[in-house]
Amino acid sequence: MAKNKNVGKPRNYTLESGVYRFGKSATYRKKAIYKFTKKVAAKAAPAVKPLFVEKKVGGAKNGETRMVRVTKLANDYPTKDPAPKGTSKNFFSGHARKLRASLAPGAIAIVLAGVHKGKRVIVLKQLETGLLLVTGPHKLNGCPMRRINQRYLLATSAKIDLAGVAVPENVNDKYFARVKAEKASKKEGDIFDAKKEAYKPSEQRKADQVTVDTQVLEAIKANADGKVLKQYLRASFALSKGQFPHNMAF
């Protein structure tokens, strides 16, 4: 019996110029793919429910029948739209104001960012927003009372007793809010002529600064190392070559 030469060879092979021996329809019939395709039965269309139903009504002058809705419409409509899904209720006003133990009132810290970076300041208290109220004092290193985030403060081991220091009650978060200047009407030729006014502290802020600094300086003077602390607060912090902050004790 002669051996079949086509054993192990595909029946559908490419002819010249990339054309296959059997087309799509012939391959579909030869492989009997129709036996394995799932036949999906057509879904019956859902019965349309009527919106109104005819009901009998008693009474001689009521027309005997009346068309009534199958489902009643809502009688009560809310005056406010419901809150959209995913709206957060964890607002900033409800956050817990945590404070690092090393930055308690009276602690001396180093400012790491901003205009006064590198200066040593004294922590006075924590405000409602969680920001810290600090002062230089201004007479020693030129840093006035200002708010600063505690992540931009590097706490040191030096501390001052602020038991006799009373910060005015009006010094809060609103105290530091800048007043926005009113926008003037635009005129031709005023685009480059207009200049922004430089910030100038108010007389009230100057008076409060003097009041706080006087008390803080008295507290520094009462300290055993008062003279050394004044020199320490005047000097700005900097790193020399080969000094690494993670290997240093402050």
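Asp208 is a buried residue without a salt bridge, and the nearest side chain of opposite charge, that of Arg205, is 7.0 Å away. The structure is a predicted model, and every value below is computed from it. A salt bridge requires a side-chain nitrogen of Lys or Arg within 4 Å of a carboxyl oxygen of Asp or Glu, and the 7.0 Å between Asp208 and Arg205 therefore does not qualify.

**Surroundings of Asp208**

Asp208 belongs to helix H3, which spans residues 203-222. Its side chain makes a polar contact of 3.3 Å with the side chain of Asn170. When residues up to four places away in sequence are set aside, Asp208 touches Met145, Pro168, Asn170, Val171 and Tyr175. Asn170 thus appears both as a polar partner and among the residues touched.

**Salt bridges**

Side chains of opposite charge can pair when their charged atoms come close. Across the whole structure, a search finds two salt bridges. They are listed below.

| Salt bridge | Closest N to O distance |
|---|---|
| Asp173 and Arg147 | 3.2 Å |
| Glu203 and Lys206 | 3.9 Å |

Asp173 forms its salt bridge with Arg147. Because Asp173 lies in the loop between E7 and H3 while Arg147 lies in strand E6 (residues 146-148), the pair ties together parts that are 26 residues apart in sequence. Asp173 has a relative accessibility of 14% and so counts as buried, whereas Arg147, with a relative accessible area of 31%, is partly exposed.

The salt bridge between Glu203 and Lys206 lies within a single element: both residues are in helix H3, three residues apart, about one turn of the helix. Glu203 counts as exposed because its relative accessibility is 61%, and Lys206 is partly exposed at a relative accessible area of 42%. Helix H3 also holds Asp208, which is buried and has no salt bridge.

**Helix H4 and its cover**

Which residues of helix H4 (residues 226-234) are buried? They include Gly226, Leu229 and Leu233. Seen down the axis of H4, the buried residues fall within an arc of 55°, and they therefore line one face of the helix. Lys227, Val228 and Gln231, on the other side of H4, are exposed.

Several elements contribute to the cover over the buried residues of H4, including strand E3 (107-111), strand E4 (120-126), helix H2 (138-141), strand E7 (153-159) and H3. Helix H3 is accordingly part of this cover, besides carrying Asp208 and the pair Glu203 and Lys206.

Note on methods: Residues are numbered from 1 along each chain as its sequence is written. This is a predicted model: local features need pLDDT of at least 70, side-chain atom pairs count only at pLDDT 80 or more; totals for chains, interfaces and linings use all residues. Side-chain values use heavy atoms; hydrogens and water are left out. Helices (H or I, at least four residues) and strands (E, at least two) are DSSP runs, numbered from the N terminus. Buried means under 20% relative accessible area, exposed over 50%, partly exposed in between (1.4 Å probe, protein chains only). Lys and Arg count as positive and Asp and Glu as negative; His and the chain ends are not counted. A polar contact is a pair of N or O atoms within 3.5 Å; within protein, one must be able to donate a hydrogen and the other to accept it, and residues adjacent in sequence count only if both atoms are side-chain atoms. Contact means heavy atoms within 4.5 Å. The arc is that of the directions from the helix axis to the C-beta atoms.
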